[in-house]
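Ready to practise reading a protein model? Have the sequence and the 3D view open, and try each task before you look at its solution.

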Amino acid sequence: MSRIWVGIGSGKGHHHGLTLDADGKTPLSRRVANDEPELLKPIGEVLDIANGSEVTWAIDMTGGEPALLLALLVNHGQEVLHIPGRLVNRASDGYRGEGETDARDTYVIADQARMRRDLRPIRPGDEAAVELKLLTGRRADLVEDRTRVVNRLRGTLLSMFPALERTLDVTNTGPLKLLTGYQTPASIRRAGITRLTSRPANRKVRSARSLAEAGVEAAERQHTAIPGEKTIAKLVHNLAEEVMALNQQISETDKLIEGRFREHELADIVLSVPGIATVLGAEFLAAVGGSLDEFDSPDALAAFAGVSPAPRDSGRASGNLHRPIAYHRRLQRVFYTSALVSVRSDPNSRKFYDRKRAEGKKHVRAVLACLVKALAYWKRKAWQTRP
């Protein structure tokens with residue numbers, strides 16, 4: 001039976017689709033609005049052109065802008081492959097012509113889907129995996145926002161009160177609550193240790209007196225007021241409150257993630273990997289679509305995450321290994337972060353890490369060795385018990 005391939009270049013308001021048959025002809029190529037009635041029309045046209053032939057769709061994104069189109073294709077029982085944008089850009093150099101147009105890009109996507117055998121299908125994923133992907137994505141955005149605000153807070157405080165900026169760790173609750181009440185050296189000296197202690201203590205902050213003593217000591221080292229001090233102090237106050245608000249939102253999101261993650265049937269299996277807790281476990285389930293059925297073994301999962309080295313042999317040179325080019329970067333981050341956590345918290349992982357370091361391996365290589373060992377453990381203890 002003949003087959004046709006459809007390349008889709010996704011966009012915010014419109015997508016561009018191009019159909020490629022076995023003879024290299026393009027019977028359909030056009031721009032379609034990102035709206036359900038408009039999207040259903042070309043889907044029907046493609047199926048009419050196929051006339052019973054197999055159809056393979058290929059797209060450069062797996063969510064976000066083309067989410068509605070992907071849902072419609074899944075509902076119509078269509079096979080959809082994912083070809084990352086970087087692969088499209090790299091492959092474009094091998095095609096005739098220069099410049100970049102939607103039609104040219106979608107032709108490359110369709111032709112690559114026709115030739116390549118290593119493209120992964122897009123699975124619809126279960127409801128829990130979709131929710132976890134949304135929640136973990138939201139959490140990542142909040143953490144990035146907090147990092148930016150913390151950096152602004154440090155820079156602003158440094159411009160007015162360098163000694164206090166060196167003293168306080170503004171990522172912790174105690175210093176942030178102190179800064180919502182007192183920002184300048186003079187205000188801290190006037191308040192004194194007793195009043196400074198009572199403010200954080202009333203808000204259930206640990207080591208409130210030590211924090212107050214450190215603040216007063218920093219204030220005693222600066223008796224000069226900086227120009228614009230009142231405005232800077234107001235900015236420090238606002239930024240400290242903003243960081244605390246973001247901390248609260250992250251905490252609430254973590255609770256939602258934990259509750260949804262523990263309801264998933266694979267939760268216990270995922271948690272059996274050393275170093276993986278609820279947030280990393282949720283990111284793992286979001287990356288694999290909530291199912292391990294696509295992977296025959298932990299080795300296949302490791303290859304998908306890019307933690308299994310790929311050979312680079314040529315001529316007489318053999319045994320050379322390098323990091324794979326195509327892999328799931330978010331899943332690799334989950335595994336690598338879990339290995340770092342296990343090195344700090346798990347005595348067996350720490351012992352194994354120290355042994356690898358003693359053998360002369362660098363830090364990253366030793367951490368990756370811990371990760372390989374963790375996956376081997378998972379293979380023995382947990383993989384056979386998956387649902």
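The exercises below deal with helix packing and empty space in this predicted model.

**Exercise 1. Work out how helices α1 and α2 are arranged relative to each other.**

Solution.
- Step 1: Find helix α1 at residues 36–50 and α2 at 67–75.
- Step 2: Take the geometry. The two axes lie 10 Å apart, and the packing angle is about 45 degrees.
- Step 3: Classify the angle. Roughly parallel needs an angle under 35 degrees, and roughly perpendicular needs 65 to 115. The pair α1 and α2 is therefore oblique.
- Step 4: Add the handedness. The crossing of α1 past α2 is right-handed.
- Step 5: See who touches whom. From α1 come E36, L39, L40 and I43, and from α2 come L68, L69, L72 and L73. Sorted by class, this contact has seven nonpolar residues, one charged residue and no polar ones.

**Exercise 2. Do the same for α3 and α4: what do you call their arrangement?**

Solution.
- Step 1: Locate α3 at 85–92 and helix α4 at residues 102–115.
- Step 2: Their axes are 10 Å apart, with an angle of about 100 degrees between them.
- Step 3: An angle from 65 to 115 degrees counts as roughly perpendicular, so that is how α3 and α4 stand to each other.
- Step 4: On the α3 side the contact uses V88, A91 and S92, and on the α4 side R104, D105, V108, I109 and Q112. By class there are four nonpolar, two polar and two charged residues in this contact.

**Exercise 3. Describe the crossing of α5 and α12.**

Solution.
- Step 1: Look for helix α5 at residues 127–160 and helix α12 at residues 278–288.
- Step 2: Their axes come within 8 Å and cross at roughly 125 degrees. That makes α5 oblique to α12.
- Step 3: The crossing is left-handed.
- Step 4: A129, L132, K133, T136 and R139 of α5 meet V279, A282, E283, L285 and A286 of α12. The class count for this contact is six nonpolar, one polar and three charged residues.

**Exercise 4. Which residues lie nearest the centre of the largest pocket, and how many line it?**

Solution.
- Step 1: Start with the space itself: the largest pocket holds about 1500 Å³.
- Step 2: Its lining has 44 residues, and T62, H82, K133, A287 and H328 lie nearest the centre.
- Step 3: Trace the lining to its elements. Among those that supply at least two residues each are α2, α3, α5 and α12, all familiar by now, as well as β6 (120–121).
- Step 4: Sort the lining by class, which gives 24 nonpolar, eight polar and 12 charged residues.

**Exercise 5. How many cavities of 30 Å³ or more are there, and what lines the largest cavity?**

Solution.
- Step 1: The count is one cavity, and the largest cavity has a volume of about 160 Å³.
- Step 2: There are 15 lining residues, with I8, G17, V32, P42 and W57 nearest the centre.
- Step 3: Strands β1 (3–9), β2 (14–20) and β3 (28–33), together with α1, each give at least two residues to this lining.
- Step 4: By class, the cavity lining has 10 nonpolar, four polar and one charged residues.

Definitions and conventions
Residues are numbered from 1 along each chain as its sequence is written. This is a predicted model: local features need pLDDT of at least 70, side-chain atom pairs count only at pLDDT 80 or more; totals for chains, interfaces and linings use all residues. Side-chain values use heavy atoms; hydrogens and water are left out. Axes are lines fitted to C-alpha atoms, for helices over the stretch in contact, and angles run from 0 to 180 degrees between N-to-C directions. Helices (H or I, at least four residues) and strands (E, at least two) are DSSP runs, numbered from the N terminus. Angles under 35 degrees count as roughly parallel, over 145 as roughly antiparallel, 65 to 115 as roughly perpendicular and the rest as oblique. A crossing is left-handed if the near helix is turned anticlockwise from the far one by less than a right angle, and right-handed if clockwise. Contact means heavy atoms within 4.5 Å. Ala, Val, Leu, Ile, Met, Phe, Trp, Tyr, Cys and Pro count as nonpolar, Asp, Glu, Lys and Arg as charged, and the others, Gly among them, as polar. On a 1 Å grid over the protein atoms alone, a cavity is a set of points where a 1.4 Å probe fits but cannot get out, and a pocket is an open set with protein on both sides within 12 Å along at least five of seven lines; lining residues have an atom within 4 Å of a point. Grid points are joined across faces, edges and corners, and a volume is the space filled by probe spheres set on the points.
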